[in-house]
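User: Could you walk me through how to read the helix packing, the hollows and the odd backbone spots in this model?

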Amino acid sequence: MSEELEQILLQLTQPDNAVIQQATAQLKLAFKDPAIIPALCAVMTTSQNHQIRQSAAVMLRMRVKKHWKKISPDHRESLKVVVLQAFTQESDHTVRHSLSQLSAVMVKHETPDRWPALLELLNQSTKSNNPQDRQVGLLLLSKVVESNPEPFKPHYHQLLQLFGDVLQQDLENPACLYYCILTLTAITAYVGSEEMNLMRSLIPKMIIALKHLIKADQDQASEAMEIFDELMESEVSIIVPHIVEIVHFCLEVSTDTTLSDSLRVKALSCIAFLIRLKSKTVLKHKLLSPILQGIFPVLSAAPPPGEEDPEDDENDSGDGSDSESPKHYAAQVIDTMALHMPPEKLFQQLMPLAQACLSSGNPYERKGGLMCLAVLAEGCADHILCQSLSDSNQVVRSAGLFALGQFSEHLQPEVSKYCSELMPLLLGYMSCLNQAKVGHVTKAFYALENFMENLGEEIAPYLPTLMETMLSALHNAEELKIKELAVSAIGAIANAAKELLVPYFPPVIESLKGFLTATTEEMRALQTQALDTLSVLARTIGKDVFGPLAAECVQLGLNLSNTIDDPDLRRCTYSLYSAVSTVSPDCLTPHLDSITTVMLMGLKSTEGVTTHLEEDKTFKDGDAILTDEEQIDLHDIAGFSVENAFIDEKEDACDALGEIAFNTGAAFQPYLETCFQQVYDMKEFPHEDVRRAAFGAMGQFCRAQHKVWKETPSEANHQAMHKLLDVVLPCLVETVRSERERHVVMSVLEAMNGVVKACQGEALQQPGRLQDISHAIRDVLKKKTVCQDGGGDEAEDEDQQAEYDAMLQEFAGEGIPVLASAVPADVFLPYLNDLLPLIMSKAKASCTVADRSFSVGTLGEVLQSLVTVSGGRAVAGRLANRLLPVLVAGVRDSNSEVRNNSVFGLGALAEAAGPVIVSDFPMMLSVFSNLLSKEDDRRVIDNLCAALCRMITSNVEVIPLEQVVPALVARLPLEEDLEENKTVYSCLAMLYTHSPGLIVSQMKTIVAAATHVLGSKDVDTETQNHLGLLIRNFAQQHSAEFQAAVTSLPAEQQAVLSAAISVS
């Protein structure tokens, strides 16, 4: 049979389709014969044609992979002998490679201990004095260990000693170094504590070996550098002692312009990963300065003569093709530093370098400085921005636009203060849209969008010019890219302008509808953007304006996803349905079946997922021949990659399903279980953005089920809610502890807080659940979770936290008042006592402003929660002695936000504890009086007024009203914290009943202040009703005083009061 088989395999190599098809059919028949195994073995060892030998090895591997148990014991044993025999006598590298992969598949079925001949061959060859033998032995070793690392554990110690020798002795044999490091990478995750020291000792040798490998083969060196990623992922403690050498090696590689971009990028990403995981160790070893000194030249390097950076190509459409360049990754390193290092330490070293670049005569150095500022989104000054936008060099102007976009995104509200200087410059860019190159216009739109989005009503003066420019672009621009940018900009304008955009709504909507009915391929990007902007309009323009169009918009979305198969387009339809559910959920109800079906298919789909197989690159036909009976084995998968569009689709599907479930309520019930199960399955998805969205959606599903139960309180609905809660809350708690990505944990904490806030005590009925959630919060505050780098550097910089750490702790802290408001106070007290010291420790004067503000703010929210729960007054009274000193110290803080939160906390304490702390009222009033006499921050003054009102409401008899009320009323109207109008005016209404004479004496000031509240869209209806009633009482019962107060006001304010009085 072997001769016949060799002939068939030879025919498969012929350049004739008819011959190949005939040979394929013959091969399928041959595979049905049990003698196929010995026949392939014979061909593999005796054929004179190396291609045929390789084909036979590949065929055998595919057969063994799935049918090992069907192969007879005799054939198995002979195969084990033949493979090793073939391997030792083979001279062709590609065939040896295939034989090593065949051996690797066999090792999955036959552990090394049941194949002693393999171990003996490995031992002999890897220790041979002949370099070629060592190379071949290390090739075989790398393949068999990679395929199944765990069974080799008893041999790890011996292997590590071998690798130590190879890395030292085989520096002139790069292939040996390559296979050695690949094998090390494979076993890293399985190394036990007993091998740690040996593994650690290899790091310096490995760095030297990598330097030699770089000289020989940069692609292999780049792959070998994965060892650092694997060590950081699984055993970071191994590399910590060698962090200095690793960083210097990576800097050496990343700054060497003679090396390939991919290798330099690998080195830079390695530095970024180290900073993420071990920022404190990097600081401790004084590596911050060398890293910055190394990457700044990369960031500001000029491109080769006659070329330009990809992002500076004027015809570039912004497709992100520059994202794999060393320059881009150098900026990523700085971005990572900003997120994971204390700002004080980073800026001290970084700003001199950035400023030197910004003032340089070289445009690429000025660009580098702006890129640095842009990723930091910090340290911006108006003159830097305005100068760069007016720079004579377009490279600098483009970088300035990018920086402005970044500042606008991350430095609010400070950047918006430069509105009057920057908007004319940006409108100037817009005025020459048709003459400019697409690449430059793209950056101008990016800056404009991000800047406008946060202006709010301040956009009003610019709205006519902006909308005239955008509508003109929609109708007249020749480039579809310009239309796409204009559509996107209209979304940003809508976010700021909201109802102010209503006059422009009809022409905008007509253009969008026109774009969404087209079917040609080139319209795809424009349609995607049109759907996004339509979603923004649904959320911002107002229910009355958008409501009548809601059903038509849903139908447009469905028509698109039915006719066009595009993940970006589908993703945008999900967001549109989600937005419509906030305005007109009934419009979605008839289509929920179609909508959920498409979204679930998007979640289940593996489209866009590329599986990278350990296949022989030179033999392409094996899989095609055996497709009817062979499947890909997971062990053959070297990795996955997922196209961004499909990741975004899954992320948006989760987000949308959660919001639609909540907004459509009972109508979503038939779909909730199926949708929940599919979303729940995404919690282990490799990409963190999808995991984040899945956890958020799980929380929304719980809130949706609770809402349905509250609307229809049946036993079935109650059980359905608890069934969900019993799955979701334990899952969220476990994820807080075990998830590696901090921003995912933030979302999980947010989801958990949302569920408890909505479901209250229902969420905490299961025994132990309150404890589990409290302990999860405690673990975050103590930095004991996986994502908080629980390694050995805790002592360093305890009082300094990088941005993500602070945000993470804030999300955890927000859960404490949520729990406090969900259960009786005495039930939560043991856990509160556990958590309070962790919060109070951040109020020390030595802590950062952000920490102090967070601390006193959380204390205030906890006290506010105790106002409404059973037993809250007694618990607040018991806590008063511990909290008063902290809050009083906060009132005297130099930072206005800390003072503001402390004032709120004292007011909340007075309201929560009431008579229990009446003896402290004189001291509190004295503190407030001193502050009121010198405070100039309006938000603090507003909160002082509210705090005084809380004290009055909680114990009116002990307050010296004649002194307090005039001082309080004199500070009205509230200007910043308008939510506190409710507290202030309900107090004044109560005082009107209690001490009418006192309130009437202050009528003139109260009436004048009332005109700023009545009719204001920023003040809730209940407050306006309370105030309206007080004003009508004034008008009816004290008409002379009231008329005198009214006539002293301008006509506009008089009209407001007349309208309030006329309401029946």
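**Reading the packing and the hollows**

Analyst: Start with a helix pair: Phe921, Met924, Leu925, Phe928, Leu931 and Leu932 of H45 meet Val940, Leu944, Ala947, Leu948, Met951 and Ser954 of H46. Contact means heavy atoms within 4.5 Å, and helices are DSSP runs (H or I, at least four residues) numbered from the N terminus. This is a predicted model, with residues numbered from 1 along each chain as its sequence is written. Local features need pLDDT of at least 70, side-chain atom pairs count only at pLDDT 80 or more, totals for chains, interfaces and linings use all residues, and side-chain values use heavy atoms, with hydrogens and water left out.

User: What classes of residue make up the contact of H45 with H46?

Analyst: Ala, Val, Leu, Ile, Met, Phe, Trp, Tyr, Cys and Pro count as nonpolar, Asp, Glu, Lys and Arg as charged, and the others, Gly among them, as polar. The contact of H45 with H46 has 11 nonpolar residues, one polar and no charged.

User: At what angle do H45 and H46 pack?

Analyst: Angles run from 0 to 180 degrees between N-to-C directions, using axes fitted to C-alpha atoms over the stretch in contact. Helix H45 (residues 921-934) packs against H46 at about 155 degrees, and their axes lie 11 Å apart. H45 and H46 are therefore roughly antiparallel to each other (the cut-off is over 145 degrees). Their crossing is left-handed, a term for a near helix turned anticlockwise from the far one by less than a right angle.

User: How do helices H35 and H36 cross?

Analyst: The axes of H35 (residues 669-680) and H36 (residues 688-711) cross at roughly 155 degrees and come within 10 Å. That makes H35 roughly antiparallel to H36, and H35 passes H36 in a left-handed crossing. From H35, Gln669, Leu672, Cys675, Phe676, Val679 and Tyr680 meet Ala694, Ala697, Met698, Phe701, Gln705 and Val708 of H36. By class, this contact splits into 10 nonpolar, two polar and no charged residues.

User: On to the hollows: how much space lies in the second largest pocket?

Analyst: On a 1 Å grid over the protein atoms alone, a pocket is an open set of points with protein on both sides within 12 Å along at least five of seven lines, a cavity is a set where a 1.4 Å probe fits but cannot get out, and lining residues have an atom within 4 Å of a point. Volume is the space filled by probe spheres set on the points, which are joined across faces, edges and corners. The second largest pocket holds about 820 Å³. It is lined by 27 residues, and Gly857, Glu861, Gln864, Phe904 and Glu979 are the closest to its centre. H42 gives the most to this lining, with seven residues. The lining has 12 charged, 10 polar and five nonpolar residues.

User: And how many cavities of 30 Å³ or more are there?

Analyst: Two turn up in a search of the whole structure. The second largest has a volume of about 30 Å³. Ala806, Gln809, Glu810, Lys842, Ala850, Asp851 and Phe854 line this cavity, with H40 and H42 each supplying at least two residues.

User: What about the backbone oddities?

Analyst: Most residues other than glycine have a negative phi, and most peptide bonds are trans. Here the Leu972 to Pro973 bond is cis, with omega near 0 degrees, and Pro973 is in the loop between H47 (961-969) and H48 (981-994). Lys286 has a positive phi, near 55 degrees, in the loop between H16 (261-284) and H17 (288-299).

Terms used. Angles under 35 degrees count as roughly parallel, over 145 as roughly antiparallel, 65 to 115 as roughly perpendicular and the rest as oblique.
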